[in-house]
Amino acid sequence: MTNNRFRVEVRSWQVLVVLPSELLTLSEAMVTMGLSSSAMGDLVYRGVLRHVEDMDEPNPRKRTRVFRVDVEAEIARRRV
């Protein structure tokens with residue numbers, strides 16, 4: 001007998017107007033926080049860092065942006 005459970009994530013869609021200066025690429029956030037790409041992906045997956053997709057980026061693997069304030073808050077949380 002197989003287990004056919006799967007995780008469903010429900011998100012509400014909102015239109016956001018965000019300045020480019022308020023966002024970081026995942027690479028920029030990794031360097032700022034001193035984390036590996038795996039650890040950064042975990043933070044995004046768990047919802048610690050909110051993210052948006054930059055649809056103007058032609059490369060789909062580079063579209064994800066995180067909010068600078070979330071990165072700064074996570075850095076401050078880790079310092080305590």
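## Two pockets and a helix pair

In this predicted model, 25 residues line the largest pocket, with Leu-16, His-51, Val-52, Glu-53 and Phe-67 lying nearest its centre. Here a pocket is an open set of points on a 1 Å grid over the protein atoms alone, with protein on both sides within 12 Å along at least five of seven lines, and lining residues have an atom within 4 Å of a point. Residues are numbered from 1 along each chain as its sequence is written. Since this is a prediction, local features need pLDDT of at least 70 and side-chain atom pairs pLDDT 80 or more, while totals for chains, interfaces and linings use all residues; side-chain values use heavy atoms, without hydrogens or water.

Here are the two pockets by volume, the space filled by probe spheres set on grid points joined across faces, edges and corners.

| Pocket | Volume |
|---|---|
| Largest pocket | about 910 Å³ |
| Second largest pocket | about 190 Å³ |

For the second largest pocket, 13 residues form the lining, and Thr-25, Leu-26, Ser-27, Arg-61 and Lys-62 are the closest to its centre.

Now for the helices (DSSP runs of H or I, at least four residues, numbered from the N terminus). Helix 1 and helix 3 (residues 68-79) pack at about 20°, their axes 11 Å apart. That makes the two roughly parallel (angles under 35 degrees); axes are lines fitted to C-alpha atoms over the stretch in contact, and angles run from 0 to 180 degrees between N-to-C directions. Ala-29, Thr-32 and Met-33 in helix 1 meet Val-71, Glu-74, Ile-75 and Arg-78 in helix 3, contact meaning heavy atoms within 4.5 Å.

Terms used:
On a 1 Å grid over the protein atoms alone, a cavity is a set of points where a 1.4 Å probe fits but cannot get out, and a pocket is an open set with protein on both sides within 12 Å along at least five of seven lines; lining residues have an atom within 4 Å of a point. Angles under 35 degrees count as roughly parallel, over 145 as roughly antiparallel, 65 to 115 as roughly perpendicular and the rest as oblique.
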